[in-house]
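Q: Got a minute to go through a two-chain model with me? I'd like to start with how the chains meet.
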Amino acid sequence: MYVLGISCFYHDSSACLLKDGKIVAAVEEERFSRKKHDNSFPINAINYCLDSQKINIDKIDHIGFYEKPFLKFERILYQHLEMFPLSLKTFVASMPSWLNEKIRVVKIIKKQLKYKGDVMFIEHHMAHAASSFLVCPFEKAAILTVDGVGEWATTTYGLGNKSNIHLMKEIKFPHSLGLLYSTITAYLGFSVNNSEYKVMGLSPYGQMNKEKNKYYRKLQKVIDIKEDGSYKLDMSYFTYHYKDRMPSKKLCDLLEGPIYKRDSKVTQKHKDIAAAVQLITEDTIMKMLTHLYNETKCQNLVMAGGVALNSVCNGKILKNTPFKKIWIQPNASDGGTSIGVACYIYNTIFKKKRNYIMTNAFLGPEYSDKETKDFLDKNKIKYTSFKDEKDLVKTTAKLIYDNNVIGWFRGRMEWGPRALGSRSILSDPTNPNMQEILNSKVKHREKFRPFAPVVCEDDALEYFDCDKPVPEPTDYMLMVYPVFKKWHKKIPSVTHVDGSGRLQTIRRSQNELYYDVIKEFGKHSKIPILINTSFNIRGEPIVCTPFDAYKCMMGTGIDYLVMNKYLVKREDNPQDMWDCEKYARD
Amino acid sequence: MNKINAFLKEFKTGLGLFGQNIALFVNSFLLFVVYLTGVGFTWIFAKLVGKCFLDIKHEKTNTYWDDLNLKTKPEKEYYRQF
């Protein structure tokens with residue numbers, strides 16, 4: 001039985017294909033369209049899913065959509081009715097897309113895919129819950145989903161058992177922890193639904209002592225958090241329920257100044273506000289989880305929803321709550337719901353036993369050696385070939401040790417927002433200048449944002465103060481842990497200002513050559529850790545094809561590109577060099 | 001001949017853009033009318049009967065969790081968009 005899950009028309013459109021209960025392909029549309037957070041109908045992603053199995057749409061038994069559009073439309077109309085006449089501008093701006101596509105999903109799916117069957121619709125937070133629980137390693141688990149908003153729900157909790165999910169309680173729009181975080185993101189001059197992670201990265205620079213952070217005390221007026229983790233926002237501080245800008249004038253007054261302009265200089269005030277909203281988020285999540293444990297008495301926890309990408313908060317969960325084990329969907333935001341809806345249809349609606357556990361995120365397209373060679377030859381690109389895999393590992397590790405920045409393009413593309421060793425940029429974390437080198441050559445990030453380390457799972461506890469055993473979400477860069485103090489100065493490029501690192505752990509069974517390169521690098525440097533950052537041009541999605549990878553290398557300062565069994569040196573191909581920064585946008 | 005073709009091509013593009021602008025204007029105007037009449041009158045009626053569409057009042061209670069009780073439903077329920 002083939003089931004196709006679709007998520008689209010809000011942000012991060014994606015598709016997932018299930019074959020007899022096993023995920024055989026899952027990918028976001030942005031990787032093909034090259035538009036970051038693309039929300040259009042994921043026709044390219046669907047075509048990839050079908051092509052990967054060499055099937056056409058007639059073979060699909062069921063198609064599922066990640067929300068109930070009419071319920072969401074009801075909420076939109078209620079917003080306009082409640083906020084009349086203030087919502088005029090957003091009404092005029094948003095209605096055409098609702099009338100043309102969002103409430104005509106069935107028609108669009110049938111027309112675009114020439115699909116003759118019916119489409120199933122799963123509640124948004126149920127799709128989130130299913131995306132995590134139905135592919136997790138636990139038979140039974142407590143479930144928490146927290147995001148901006150679905151139809152009405154913004155936060156839900158419940159219990160999963162075998163193939164069934166029971167969502168027990170919810171918090172409804174307009175009260176939303178995700179939208180509070182986004183509002184502060186907007187206030188600080190960053191882009192909403194994109195740069196929340198920058199606020200998270202900025203927070204350790206601020207005052208993390210609750211007593212001393214005045215903005216923490218101020219933000220407590222904005223949100224009322226109960227001991228059971230439920231919360232309510234004071235909506236006079238927000239305008240997102242009727243305007244396209246999120247903070248109200250009252251919130252600006254509270255935070256002592258107008259909304260920051262994009263790219264404005266980061267000040268101590270930015271940092272303290274970022275710290276304050278991070279602290280509020282952590283307070284709320286910890287209380288919610290303690291309550292959830294008391295309600296379910298289950299020691300396993302699964303999470304999904306955009307807020308579950310807050311890796312700083314995630315790293316504190318097992319220490320601060322009664323839960324013993326945790327699993328988080330690697331693509332926890334809306335993109336991941338296509339997996340949820342497909343699994344929910346197969347396992348829950350059709351009552352099929354769960355037979356799939358997500359042990360890696362390599363679910364996207366891959367390109368063979370032949371396809372890569374054809375691309376290189378056709379474009380007259382100079383390259384060399386590795387003799388064998390051993391040569392590839394040794395050469396790559398040595399190049400990294402010699403302070404080169406390497407583009408690493410091998411295997412199936414990652415599912416979710418993080419590069420995990422298929423489409424990564426690798427470099428040496430022991431070089432104290434590497435953060436600056438990477439920023440000047442490739443990433444052009446804000447200085448306050450650290451790079452992430454990747455370490456073999458069996459070495460993680462030597463360098464990082466992780467929970468024991470190391471939780472699986474670290475495989476997906478979803479947990480931030482302290483770096484042991486003695487290593488701070490030895491791996492400065494991946495140690496954040498507060499001494500933490502957003503590590504990725506890798507097991508050999510997940511990606512052999514990637515694992516071997518890290519170990520081989522360790523033989524040179526005595527520290528088997530690499531910098532792993534996403535292989536993309538600033539403002540663009542992670543690369544997908546050999547063309548994207550080559551274009552990215554030639555537009556940035558990446559020194560070498562390891563593309564399957566071929567090695568391309570940037571300097572050997574001066575004819576294709578260009579400056580991507582002229583076109584980059586966040 | 002080439003000049004004529006180029007002119008026609010440009011003319012078609014310009015006409016398309018003009019059409020889009022007109023459509024945008026007409027749509028905006030129609031939506032404005034719908035907003036004032038449909039949303040506006042419903043809003044007035046709702047105010048008269050005291051109906052609230054969104055929970056935006058700052059009323060404190062012991063807990064803000066609402067019952068959801070969402071479980072597996074019969075298959076046919078999932079073909080609905082609501």
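A: Sure, here is a short tour of the interface, a shared sheet and one helix.
A: This is a predicted model, where local features need pLDDT of at least 70, side-chain atom pairs count only at pLDDT 80 or more, and totals for chains, interfaces and linings use all residues. Residues are numbered from 1 along each chain as its sequence is written, and chains are lettered from A and ligands numbered from 1 in the order in which they are written.

Q: Nice. How many residues of chain B are in contact with chain A?
A: 33 residues of chain B touch 43 of chain A, contact meaning C-beta atoms, placed from the backbone, within 7 Å. Helix 1 (2-49) of chain B and strand 1 (66-70) of chain B each supply at least two residues of that side; helices (H or I, at least four residues) and strands (E, at least two) are DSSP runs, numbered from the N terminus. Helix 1 of chain B gives the largest share, 10 residues.

Q: And which strand of chain A does strand 1 of chain B join?
A: Strand 8 (residues 164-172) of chain A, antiparallel, through three bridges. One pair there is A:Lys169 with B:Asp67.

Q: What's the strand order of the open sheet?
A: The six strands go 12(A)-11(A)-6(A)-7(A)-8(A)-1(B), with mixed pairing; strands pair if DSSP finds at least two bridges between them. Strand 12 (325-328) of chain A and strand 1 of chain B each have a single partner strand, so one side of each lacks a neighbour in the sheet.

Q: Switching topic: what comes just after helix 2 of chain A?
A: A:Lys54, with a positive phi of about 55 degrees.

How values were computed. Two residues are in contact if their C-beta atoms, placed from the backbone, lie within 7 Å.
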